[in-house]
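Open the model in your viewer and keep the selection panel at hand. We will go from stop to stop.

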Amino acid sequence: MKIRYFNMLLTLFLFMALGSASFADVSPGDVIDKRNWQTVQGMVPDSILNWVKEGRIVLNVGKLNYSPLEFVKNDLGDLYSKNKGKYALKDAEIVDAKTGQIALDVLGYPFPGFDWKEDPDAALKFMYNRLYMQGYWGNVDIPTWQLQFISEDKGLIREAEASYYQYVIDGNPRMVGQPNPQQLQRHQMFKFHTPFDIAGTAQMSTRFISATQQDLLFGFLPSIRRARRLTPANRSDPILGGDAVIDDAWGYDGKIAAFDWKIVKEQEMLLPYHSEDPQLLLHLGSGIYQTSAKMKKIVWGYEDSGWSGAKWAPLNMIWVKRPGYIIESKSKDPYYNYGTIILWIDAETGMGMLKIIYDRAGKYWKTFLVGGCDFATEDGKKKMAIYSLQLAIDDRSKRASNINGVATGNTYTMGGNMDPSIFSLGGFAKFCK
Amino acid sequence: MKNKLLVMGILAFVATLLLGLGPAGAVWLNKEKTIEMKGKLQTRVSVSTEDTTGFTYPQVDAWEVVQHRNIAYVEFNHQLKNHDWSGVNLQYHLLGRFMYEGIYDYGPEEYRNLPDIIPAETDIDDFRKDADLWEGYVDISKNKLFLRIGRQNLAWGETDLFRILDNINPLDNTYGGIFEDLDDRRIPLDMLRANYDFGNVGPIYSFTLEGYWVPGFIEDTVAPWPPQGTRYSFPLPLTSDLLGPTFTNYGYELVEPEKKMEDSRFGIRHTGILFDNINYTLAFMRTIPDVPIPRFTADFASVTPGVPPFASMNRELIYDTLDIFGASVNFYESFTDLVFRMEAAFFDDEPVFIPSENAAPIAFLLGGPFATERSVPKRDIVRYMVGLDKFQWIRFLNPNSTFFISLQYFGQYMKDHSDDIAVAVPLPPAGATYPKVKEIEHTFTGLISSPYRQGALEPQLSVVYDVRGTWMFQPQVNFKFDPFRLMLQYSTISGERTSFGHFKDRDQLTTILTYVF
């Protein structure tokens, strides 16, 4: 009897030990630095663990005073789950489950409630859900955002400021039922304002729903004073020569079908979040929402003279235990400059993310942090799960690039009307010098 | 006194630079962030790397400073109406430019003593210093209509380095010529520009019409003619070089359009996209070419061999309007990952140079036929370009970023060609002959560049080859260390004296230091 009882206890102990993601555990309020890095082993990727070990960053473990999942559900309403069974995947494209034709006017999550262990397309579905949640926000208007280049030991060395506009056709509730004969997904435009030598540099792109049709891409270069046709294929080229590449924006800004995706694990993980409380979302009327420019400011390592770690480190973000997926991905483009990419991503929102990038030879190279940041109106009626931090750290060159979009001083307006004619050759001219 | 002002100016410039250390950025002049100010201060020094030869004046030795150009741009942009997607958008843009070229004051003696060489008509001050409202325009847009009214630059076409349809604004070739970036040479014009986006029209996506009008009664700016004695002038012989020391140097007269409506420049183009990939343009414009055509005139008193039969001779440099009809296309080809660009244009009745016609008096004195008729012959010319752009990984050279590679072939076909058509720059040492223009001409260009160190270092190499045996190489390196930019560039031309080969003795090393704010 005693031996049976002992065996049961041993079995239970072994099951708990082997079944858990790691032996580590942390609590809100814990500060993880080089003295106690072991406590987060297994909860963060090795690259971040090494940063902590080396004293380059410190993780402030926090707790969210709200539920991000509730924010996603509030944002999407019944479109969080309504589309179950409506769509399918064919050659990595979303098609109508009944007709097999390319699906148009997809609103909300196209693939709610998948089982990642059973469904080989689970990762693809997860990424499409993430994409269409962003599409549901509608058009995006960011009058100012900054691209910052930060040296690990010298701090901020260069900054450029730009504006960004996105006109969403597929997935935008305002566009449902509108004719879309070319099967466009979205238009995008950004234009740099400073510094003087790149002021006026602009880019306009059009994305098609079809997985095989390449983007239509034009760039305006002040040095030639005209719009120039650009190749859409070099999405692993750095933005302005920095550490983030074109596809790194928002965590991943390429065509979902351009990559192979696979969920390899589901586990609890520490993900960066902007704040324990949601930030203020302003309602501008008519279903248009704007992030407040007065949101909590991220303090960077280079802004704190007492900080001795990496100058690119965000000092006052919190790291929150979140349910997450570990997704392995790889580009189908044989010339893509990244090899395997491992995502540690928030399973509920798809927003907070750690993107671990290996080179083509399989060696670790960079980490891209996307910090979750959720917004709510003052009356709490509208909630949105977005992101703020977008930071690419090149561990070889010890430099980082920060895409400072949703941040103090900037506003991110979603859901407004936008003049589609600006995303034409004629309209592009309005933004050019 | 002048030196004191110069020293104070340099000290002020340096102080501004030192005070402005840190990442470059614009200055917002109001809390709503609707008025911004930004600009750049730049100093550019060029040193010749070879002795000048032939008819270049002045003759300078290698390793002499041949250019010290200082320039400041200050730009204001004001969004008058808050960003509004549905209503009228209104903003204005002002760009002031201040320029000072120092070699005429403290450069080599050859440049300081220019008045002895250059014709009296030339006011060297135009090339020594300048202050201008360089650009100033208002943008008005509502929905599909966009208007830009004021002093502005506008570029059409698909070409780099050489212009075919990109022939709207004149170029200032007086301070760098082909060695200088094309956009830095553009001279803004007072212009009314409008475009209208029709959206999708049948199979055409982004159907756009654009037009511009440079009112002749307001705007008569043409490309400035670099007088002899300035570094980048054409190597034209002094009359005494041709006819002996007893002939004094005769001046020239710029025959420019008058300020009248009939000399207006204008253009219209239609652009669109077919099959979601092929972007095409059809265009017509009336413009004024950058290089005026010469015509020598003389008052013939009598004809006696060996004795100048005329009391005076005048060289006219004539700027005249020219009509251009053209088309261009670009598309992306996914299998090769190439962007293809093509352009072709018909230049209607373009003035050409035939020595016995344009330079009749000179031709006569050098033993040619006697002719008192003044004429400028004209020909129809077709110019065309085929180009491709490629972003190519060359990882052993740069593992982080692609190389941008751009190749172009330019061709020119002259209808009704004859063997006496020439380039109006006589060949040394005698100056009695001119390089011929062929019925079909061919030029190739290539460019390669790639950014390193987060874009802080960018090397670039440009190559131009005229198949008649003329080469240009221009390697350069650009450095960025906010708020400064530094460019080091070497420009060299070798081969035959044709096309850009007339500047084959102007090889130079250039350093450009820029402060941006």
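Which residue stands opposite Lys366(A) in β18(A)? Select Lys366(A) and look across: the partner is Asp394(A). Bear in mind throughout that this is a predicted model.

**Stop 1: a strand with two partners**

Now select residues 383-394 of chain A, which are strand β18. 12 of its 12 residues are buried, so the strand is largely enclosed by the rest of the structure.

Add strand β17, residues 364-376 of chain A. β17(A) and β18(A) run antiparallel and pair over 10 bridges. They make a hairpin with 6 residues between them. Click on Gly380(A) in the turn: its phi is positive, about 75°.

Next, add strand β19, residues 399-404 of chain A. β18(A) pairs with β19(A) too, again antiparallel, over 4 bridges. Find Leu391(A), which stands opposite Asn402(A) in β19(A). This hairpin has 4 residues between its strands. Lys398(A) has a positive phi here, near 60°.

**Stop 2: the nonpolar cores**

Select Ile94(A), Tyr128(A), Trp137(A), Trp261(A), Ile327(A) and Tyr412(A). These have the most contacts inside the largest nonpolar core, a set of 79 residues. Colour helix α4, residues 122-136 of chain A: it supplies the largest share of this core, 9 residues.

Zoom in on Tyr412(A). Beyond four places in sequence, its contacts include Trp137(A), Trp250(A), Tyr289(A) and Tyr387(A). Asp141(A), Gln290(A) and Thr291(A) are also among them.

Then move to a second, separate core of 36 residues. Val44(A), Ile150(A), Trp344(A) and Ile393(A) are included in it. In soluble globular proteins, nonpolar side chains tend to be buried together.

**Stop 3: where the chains meet**

Show both chains. 64 residues of chain A are in contact with 71 residues of chain B. About 5400 Å² is buried between chain A and chain B, with 49% from carbon and sulfur atoms. Select Phe196(A), Arg225(A) and Arg229(A): in chain A, they lose the most area to chain B. Together they give 15% of what that side buries.

How many salt bridges are there between chain A and chain B? The count is 6. Pick out Arg226(A) and Asp160(B), which form a salt bridge with their closest N and O atoms 2.7 Å apart.

**Stop 4: chain B as a whole**

Finish with chain B, which has 8 helices and 22 strands. Of its 517 residues, 53% are buried. Switch on the surface of chain B: the accessible area is about 22100 Å², and 61% belongs to carbon and sulfur atoms.

Terms used:
Residues are numbered from 1 along each chain as its sequence is written. Chains are lettered from A and ligands numbered from 1 in the order in which they are written. This is a predicted model: local features need pLDDT of at least 70, side-chain atom pairs count only at pLDDT 80 or more; totals for chains, interfaces and linings use all residues. Side-chain values use heavy atoms; hydrogens and water are left out. A nonpolar core is a set of buried Ala, Val, Leu, Ile, Met, Phe, Trp, Tyr and Cys residues joined through side-chain atoms within 4.5 Å. Buried means under 20% relative accessible area, exposed over 50%, partly exposed in between (1.4 Å probe, protein chains only). Helices (H or I, at least four residues) and strands (E, at least two) are DSSP runs, numbered from the N terminus. Contact means heavy atoms within 4.5 Å. Accessible areas come from the Shrake-Rupley method with a 1.4 Å probe; for residues, only the protein chains shown count as cover. Two strands pair if DSSP finds at least two bridges between them. Buried area is the accessible area (1.4 Å probe) that two parts lose on being put together, summed over both. A salt bridge is a side-chain nitrogen of Lys or Arg within 4 Å of a carboxyl oxygen of Asp or Glu.
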